Amino acid sequence: MKNLAIKTGFDTKAIQKFLLLSACSFGVFLSTNQQAFAQVRQDLYMNQLPFITGGFGNEEQNQIKQHAEQFNLHLTFAQAADRAFIGGVKVTITDAKGNEVFKDDNLGPLLYLKLNPGQYTLSMDYQGQVKTESVQLENNKTQETVVTW
């Protein structure tokens with residue numbers, strides 16, 4: 001059998017290298033892109049207020065919900081029209097005396113916090129639309145709130 005080759009004017013080795021490089025680059029993009037959007041962040045605000053946030057996807061939701069009993073304020077951020085989760089919410093929490101006890105500008109769709117019992121005002125900003133809510137936290141009780149835009 002003779003090896004039949006069609007003359008196309010293209011260097012097939014160069015095309016193969018290009019396709020391989022493109023596939024590798026796309027794979028790297030997908031893996032870093034998913035990592036950027038798929039993160040659970042657990043931290044201490046001002047070294048004293050524990051919180052956890054994230055929750056895009058079942059894996060993240062399960063990870064956060066495994067720690068749910070450690071937090072007494074559970075916030076969920078969603079779109080009003082279709083209840084789709086949203087992130088990138090700016091949240092400021094003040095106590096009854098007006099003292100800021102928590103502030104962050106990239107939260108959600110789930111945000112769980114451990115606050116002392118008392119009255120708090122939540123100011124939540126999503127794409128320039130601000131929602132304000134008051135919550136009363138009591139000993140050994142969990143407050144769950146869904147905020148929609």
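Strands are DSSP runs of E with at least two residues, numbered from the N terminus. In this predicted model, aspartate 43 belongs to one such run, strand β1, which covers residues 41-45.

**Exercise 1. Place aspartate 43 in its surroundings: which residues does aspartate 43 touch, not counting those up to four places away in sequence, and is aspartate 43 buried, partly exposed or exposed?**

Step 1. Start from the element: aspartate 43 lies in strand β1.

Step 2. Beyond its sequence neighbours up to four places away, aspartate 43 touches Leu49, Pro50 and Phe51.

Step 3. The relative accessibility of aspartate 43 is 39%, and because the partly exposed class falls between the limits of 20% and 50%, aspartate 43 counts as partly exposed.

Step 4. As a distance check, the C-alpha atom of aspartate 43 is separated by 8.8 Å from that of threonine 53, a residue 10 positions away along the chain.

**Exercise 2. Describe the chain as a whole: how many helices and strands does the protein chain have, and in what pattern do they follow one another?**

Step 1. The count gives 2 helices and 9 strands.

Step 2. Along the sequence these elements are arranged as α-β-β-α-β-β-β-β-β-β-β.

Step 3. The protein chain has 149 residues, of which 30% are buried.

Step 4. Among contacts with a separation of 6 or more, 53% are made by residues 24 or more positions apart.

**Exercise 3. Analyse the nonpolar cores: which residues of the largest core touch the most other members, and which strand gives the most residues to this core?**

Step 1. The largest nonpolar core has 23 residues, and those that touch the most other members are Phe77, Val91, Phe102, Leu111 and Leu113.

Step 2. At least two residues of this core come from each of the strands β2 (49-54), β3 (73-78), β4 (89-95), β5 (100-107), β6 (110-113), β7 (118-126) and β8 (129-137). The strand that gives the most is β7, with 4 residues.

Step 3. Leucine 113 can be followed outward: apart from neighbours within four places in sequence, its contacts include Leu49, Phe51, Leu73, Leu75, Ile93 and Phe102.

Step 4. A second core, separate from the one above, has 6 residues, among them Ile52, Ala68, Phe71 and Tyr112.

Step 5. For general background, nonpolar side chains in soluble globular proteins tend to be buried together.

**Exercise 4. Classify the ring pair of tyrosine 126 and tryptophan 149: what are the distance between the centres and the angle between the planes?**

Step 1. The structure holds 5 aromatic pairs. In the pair formed by tyrosine 126 and tryptophan 149, the ring centres are 5.6 Å apart and the planes meet at 55°, so the pair is tilted.

Step 2. Tyrosine 126 belongs to strand β7, whereas tryptophan 149 is in the segment after β9 (143-148), so the pair ties together parts 23 residues apart in sequence.

Step 3. Tyrosine 126 and tryptophan 149 are both buried.

Step 4. Elsewhere, Tyr45, Phe51 and Phe102 are linked into a cluster by ring pairs.

**Exercise 5. Characterise the second largest pocket: how many nonpolar, polar and charged residues does its lining have?**

Step 1. The second largest pocket holds about 220 Å³ of space.

Step 2. Its lining consists of Tyr45, Met46, Gln48, Leu49, Pro50, Asp95, Glu100, Val101, Lys114, Leu115, Asn116 and Tyr120. The elements that contribute two or more residues to this lining are β2 and β5.

Step 3. Sorted by class, the lining has 7 nonpolar, 2 polar and 3 charged residues.

**Exercise 6. Examine the backbone in three loops: where do arginine 83, glutamine 127 and proline 109 lie?**

Step 1. As a reference, most residues other than glycine have a negative phi, and most peptide bonds are trans.

Step 2. Arginine 83, in the loop between β3 and β4, has a positive phi near 65°. At 56% relative accessible area, arginine 83 is exposed.

Step 3. Glutamine 127, in the loop between β7 and β8, has a positive phi of about 50°, and with a relative accessible area of 68% glutamine 127 is also exposed.

Step 4. Proline 109 lies in the loop between β5 and β6, and the peptide bond from glycine 108 to proline 109 is cis, with omega near 5°.

Definitions and conventions
Residues numbered from 1 in each chain as written. Predicted model: local features only at pLDDT ≥ 70, side-chain atom pairs only at ≥ 80, totals over all residues. Heavy atoms only, no water. Core = buried A, V, L, I, M, F, W, Y, C linked by side-chain atoms within 4.5 Å. Buried < 20%, exposed > 50% of the residue type's maximum accessible area, 1.4 Å probe, protein only. Contact = heavy atoms within 4.5 Å. Phe/Tyr/Trp six-rings, centres within 6.5 Å; stacked < 30°, edge-to-face > 60°. 1 Å grid on protein atoms, 1.4 Å probe; cavity = no way out; pocket = protein on both sides within 12 Å on 5 of 7 lines; lining within 4 Å. Points joined across faces, edges and corners; volume = space filled by probe spheres on them. Nonpolar A, V, L, I, M, F, W, Y, C, P; charged D, E, K, R; others polar.
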